[in-house]
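Could you walk me through this structure in my viewer, one selection after another? I would like to know what to pick next and what is there.

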Amino acid sequence: MATPAPKTPRDARADTATVPIRALDDGHRVQIAQHLLSLDQSDRYLRFGYAATDEQIRRYAERIDFDRDAVFGIFNRRLHLIAMAHLAFSVDPQLRTCAEFGVSVSKASRGKGYGSRLFERAVVHARNEGVSQLFIHALSENTAMLKIARNAGAVLERAGSETEAHLRLPPADFDSRVSEMLGEQLAVTDYHLKAQAKQFWGVIRLLQEIRQGVRDARDRVRG
């Protein structure tokens, strides 16, 4: 019997179905590091399982293997990376169908379902890459992460301060492949539009500053 598709958790407080989530690449390392460095000590502890230092976070961002793993991000209007997920594929040839999921959301952007949306995006990609087992290793106190896993139908196994969640994924199908393709196209288009808007308003601000400088110079000459 076919494995049923995992549930898709949604946050009832926000309609996040249209949140553009794009795949990140080597060109986003600086933004990834900046996002993770913005997390406070408590959030770093929950994300990594220990209170990661700035240097440890920089090394983590530098060592992400984009050829093997998948990283997804959500950007705000200022093109700040406000949420990201890392889907790490197993390096063991005998466990090629396994992957691990990790996520972080900036404090100011929480409560909007971004973590759940990133999880859904990662699940679709994992299925399309032939992954049949998705794992989440989290501290037992990381209730937000464990809630996402539980709502998706994952099996949780607690061992003291840590909890392991594992979710069986069905094989890829036409819907999963089209969903990922269209979602990525939407996210890339959204990113470019935000970049153009940011550049446009940057030019407007520069012109305003130049005009104000000219006015100030005229006033000084007249005075």
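Start with the surface of the whole protein: its accessible area is about 13,300 Å², and carbon and sulfur atoms hold 53% of that. Keep in mind as you go that this is a predicted model. Of the 223 residues, 42% count as buried. Now switch to a cartoon view, where you will find six helices and seven strands. Following the chain along its sequence gives the pattern β-α-α-α-β-β-β-α-β-α-β-β-α. If you draw the contacts with a separation of 6 or more, 65% of them join residues 24 or more positions apart.

**Stop 1: the largest nonpolar core**

Select I74, L87, F101, L118, F119, L134 and I136, the residues with the most contacts inside the largest nonpolar core, which has 33 residues in total. Several elements supply at least two residues each: the strands β2, β3, β4 (98-105), β5 (133-139) and β7 (162-168), together with the helices α4 (114-128) and α5 (143-151). Helix α4 gives the largest share, six residues.

Now centre the view on F101 and show what surrounds it. Leaving out residues up to four places away in sequence, F101 touches A85, H86, G115, L118, F119, A122, L134, F135, I136 and M145.

Before moving on, colour L39, I57, M84 and Y191: they are among the 18 residues of a second, separate core.

**Stop 2: helix α4**

Next, select α4 on its own. From its first C-alpha to its last, this helix of 15 residues reaches 21 Å, close to the 21 Å expected at 1.5 Å a residue. How many of the residues of α4 are buried? The count is 15 of the 15, so the helix is largely enclosed by the rest of the structure. Step just past the end of α4 and you come to G130, which takes a positive phi of about 85°.

**Stop 3: helix α3**

Move to α3 (residues 54-63) and show I57, Y60 and A61, which are buried. Their arc around the axis is only 95°, which means that they sit on the same side of α3. Turn the helix to the face directed away from that buried side, and you will see the exposed residues E62 and R63. What do the buried residues of α3 pack against? Display α1, α2 (41-48) and β3, because those are the partners.**Stop 4: H35 in helix α1**

From α3, go to α1 (residues 29-37) and pick H35. Is H35 buried or exposed? Its relative accessibility is 2%, so H35 counts as buried. Add a distance label here: a polar atom of the H35 side chain lies 3.2 Å from the backbone oxygen of L81. With neighbours within four places in sequence set aside, H35 is in contact with L81, I82, A83, M84, S104, V105 and S106.

**Stop 5: the loop before β3**

Finish at L79, in the loop between β2 (70-75) and β3 (81-89). Check the backbone torsions here: L79 has a positive phi of about 65°, although it is not a glycine. Most residues other than glycine have a negative phi. Where does the side chain cover come out? With 11% relative accessibility, under the 20% cut-off, L79 counts as buried.

How values were computed: Residues numbered from 1 in each chain as written. Predicted model: local features only at pLDDT ≥ 70, side-chain atom pairs only at ≥ 80, totals over all residues. Heavy atoms only, no water. Helix = DSSP H or I, 4+ residues; strand = E, 2+ residues; numbered from the N terminus. Buried < 20%, exposed > 50% of the residue type's maximum accessible area, 1.4 Å probe, protein only. Contact = heavy atoms within 4.5 Å. Areas by Shrake-Rupley, 256 points an atom, 1.4 Å probe, with all protein chains shown as cover. Polar contact = N/O pair within 3.5 Å; in protein donor to acceptor, adjacent residues only side chain to side chain. Core = buried A, V, L, I, M, F, W, Y, C linked by side-chain atoms within 4.5 Å. Expected span 1.5 Å × (residues − 1). Arc of directions from axis to C-beta.
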